[in-house]
Amino acid sequence: MKRARKTILITFIIMVALTAGLIFLMTRAKPVSDDLAEQIAQDQSGQTEKRAYLTEMEQNAKQLQMSGDNKNVLNFDSKNAYNTAESKAARERLDRVIKRITPTFEEPVIAANPFGTNLNSFYFYFTTDSSYMTRYTITVADRSIQDHIRYVNNGQENNLSKIHEFTVSGLVPGMTNFIIIDILDQGGNVRKSQVYRYDAQSVPVNTRLSVQKGNSKDSVRNGLYFVLPAGDKGIYAYDNSGVLRNATLTETGHGSRIYQSGECILYQVSDTKAVKVSATGQVLGTAEISGYGRMRDFAYDGYDNIYSLVRKNKRDYLLATSFQTGKTRVAYTFPKNVQTVSIAMQGGGTAYIICEKPNAVMKLEALTSKAPRLALILGRKDDWKKIPSKKNSWKKRVTEDKDPANWNMKNAVLNLVQDRSNGTVDMMTVYLSNRGKGTGIIFTVDGKSKNTVVNHSFPTGQSGRCGCEVYEDHFLISNFDRGVFAEYDDRGKVTKEFNAGTAVTAVTKLSLNGMCFYNG
């Protein structure tokens with residue numbers, strides 16, 4: 001009898017579990033439909049013709065006010081924006097305000113750039129009774145400026161949540177901007193809408209780039225062009241129409257790199273400091289070096305360390321600096337007479353280094369260990385024979401490869417194509433200038449056979465400091481000296497060309513999907 005009861009009990013538990021699972025499968029939110037995913041992609045492309053601006057907004061929009069009797073925006077002191085302790089204190093203040101009141105869609109918590117990292121931005125927080133997704137639209141009266149539409153990434157399943165926390169960026173500097181906040185149901189239908197108005201601060205750079213359409217039938221891919229002007233310490237993000245949508249101020253300089261890694265963005269704020277910033281703009285970590293001069297280039301390992309190339313006493317070093325501890329160590333010491341130019345991280349403690357003297361592509365492994373190793377050098381053995389080392393060990397590591405050996409690596413910028421690297425084969429990009437004729441190169445390095453293969457080349461003919469990188473299935477080639485950059489399709493035709501009107505240190509394109517924005 002006891003055995004029968006036990007069998008019945010087990011059967012009952014299994015049936016309850018199966019029933020609960022069936023109910024969960026039937027009631028859980030389904031992924032967005034193909035039609036909604038297509039709408040999201042089109043809205044966020046910056047190339048839609050529809051405009052949300054209405055003349056009634058001039059009178060009916062709720063003014064964002066930071067002072068006076070009608071103040072509805074929190075102000076923060078952000079003089080030391082890139083101090084992690086102060087950024088944490090700003091986060092704690094926001095949390096106290098949120099806990100003290102009950103923010104709703106009609107009465108949200110709004111703060112003006114609380115972390116000091118994004119000029120003309122606003123932090124929003126509110127809750128809803130049911131799970132929705134959030135969309136914001138920025139529109140202006142000028143009909144020549146297209147709307148800036150973004151679906152907020154809230155990190156929840158199918159992007160539906162009862163908690164809505166995000167930063168609105170994309171306001172056009174020096175203009176009256178109207179911010180439309182919508183909450184949408186699973187089908188993309190607007191359930192509630194609120195319009196705000198704000199006169200955005202001006203910035204000392206062009207708010208609109210000169211744009212020329214190319215001969216490609218492709219459209220530029222969704223994302224923002226991050227431009228780092230020479231002689232200016234700001235980082236400026238432009239949309240696909242060349243309209244300025246974000247200004248990030250640094251401390252004393254922006255360096256020459258900006259990366260998106262998961263839910264964070266990384267960039268330099270001085271010659272010796274790099275920071276890791278969240279989707280809301282909070283500074284989550286700083287990595288600063290001292291005693292080695294400036295960072296000449298840096299990369300991120302995706303976990304805790306930035307790896308920076310530096311030069312001290314006419315010798316090059318690769319430094320590793322921890323965001324968590326703030327400590328810096330020498331990860332690798334290059335032999336005398338070797339001059340490095342650029343670095344790209346594969347992850348797992350593996351880095352590729354471009355050397356200009358002698359010309360070569362170098363691969364380093366096990367950088368997180370106490371005994372990092374030189375995996376390979378692709379170059380010319382005769383060049384490396386002159387490099388002083390014990391028992392000529394450096395020459396023994398060199399594999400003759402006609403491509404890197406003949407490339408002119410001066411001013412080269414190396415980029416790893418993350419989603420096209422696997423196993424022992426890694427894909428990278430570099431722009432080379434030889435005898436005044438420049439070419440963008442996409443190449444792979446096979447660590448097993450120890451050779452390179454050029455997969456694509458774009459002989460644009462541009463000379464001077466240039467860069468080449470892969471963006472989705474397109475290619476971005478920039479002439480830094482001229483301040484001109486163009487997005488090419490996979491056939492080598494220009495989709496659009498942009499002119500910043502001044503020399504730049506770097507240009508890169510980022511989507512910020514999965515960090516700030518949802519891509520369906």
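This briefing covers the overall build of the protein and two of its residues, R257 and D401. The model is predicted. The protein has 520 residues, and 53% of them count as buried. Its secondary structure comes to 7 helices and 33 strands. R257 and D401 each sit in a loop, R257 between β11 and β12 and D401 between β24 and α7.

**Overall build**

- The radius of gyration is 26 Å. A compact globule of 520 residues would have a value near 24 Å, so the protein agrees with that expectation.
- Along the principal axes, the C-alpha atoms fill a box of roughly 80 × 70 × 50 Å.
- Take the contacts between residues at least 6 apart in sequence: 55% of them join residues at least 24 apart.

**Surface and charge**

- The accessible surface is about 24,300 Å². Carbon and sulfur atoms account for 48% of that surface.
- Side chains with a positive charge number 68, and those with a negative charge number 51.
- The centres of the two charge sets lie 9 Å apart.

**R257**

- R257 lies in the loop that runs between β11 (244-249) and β12 (258-261).
- Its relative accessible area is 6%. The cut-off for buried is under 20%, so R257 counts as buried.
- The R257 side chain makes a polar contact with the side chain of D297, at 2.8 Å.
- The R257 side chain also makes a polar contact with the side chain of Y259, at 3.3 Å.
- Beyond its neighbours within four places in sequence, R257 is in contact with L228, L266, Y267, Q268, D297, F298, S342, I343, V413, L414 and N415.
- D297 therefore appears twice for R257: as a polar partner of its side chain and in the list of contacts beyond the sequence neighbours.

**D401**

- D401 is found in the loop between β24 (398-400) and α7 (402-406).
- Relative accessibility is 6% for D401. That value falls under the 20% cut-off, so D401 is buried.
- A polar atom of the D401 side chain lies 3.1 Å from the backbone nitrogen of D403. D403 falls within the span of α7 (402-406).
- Leaving out residues up to four places away in sequence, D401 touches L378, G379, N451 and T452.

Conventions
Residues are numbered from 1 along each chain as its sequence is written. Side-chain values use heavy atoms; hydrogens and water are left out. Helices (H or I, at least four residues) and strands (E, at least two) are DSSP runs, numbered from the N terminus. The radius of gyration is taken over C-alpha atoms; the globule rule is 2.2 Å times the number of residues to the power 0.38. Buried means under 20% relative accessible area, exposed over 50%, partly exposed in between (1.4 Å probe, protein chains only). Contact means heavy atoms within 4.5 Å. Accessible areas come from the Shrake-Rupley method with a 1.4 Å probe; for residues, only the protein chains shown count as cover. Lys and Arg count as positive and Asp and Glu as negative; His and the chain ends are not counted. The place of a charge is taken as NZ of Lys, CZ of Arg, CG of Asp or CD of Glu. A polar contact is a pair of N or O atoms within 3.5 Å; within protein, one must be able to donate a hydrogen and the other to accept it, and residues adjacent in sequence count only if both atoms are side-chain atoms.
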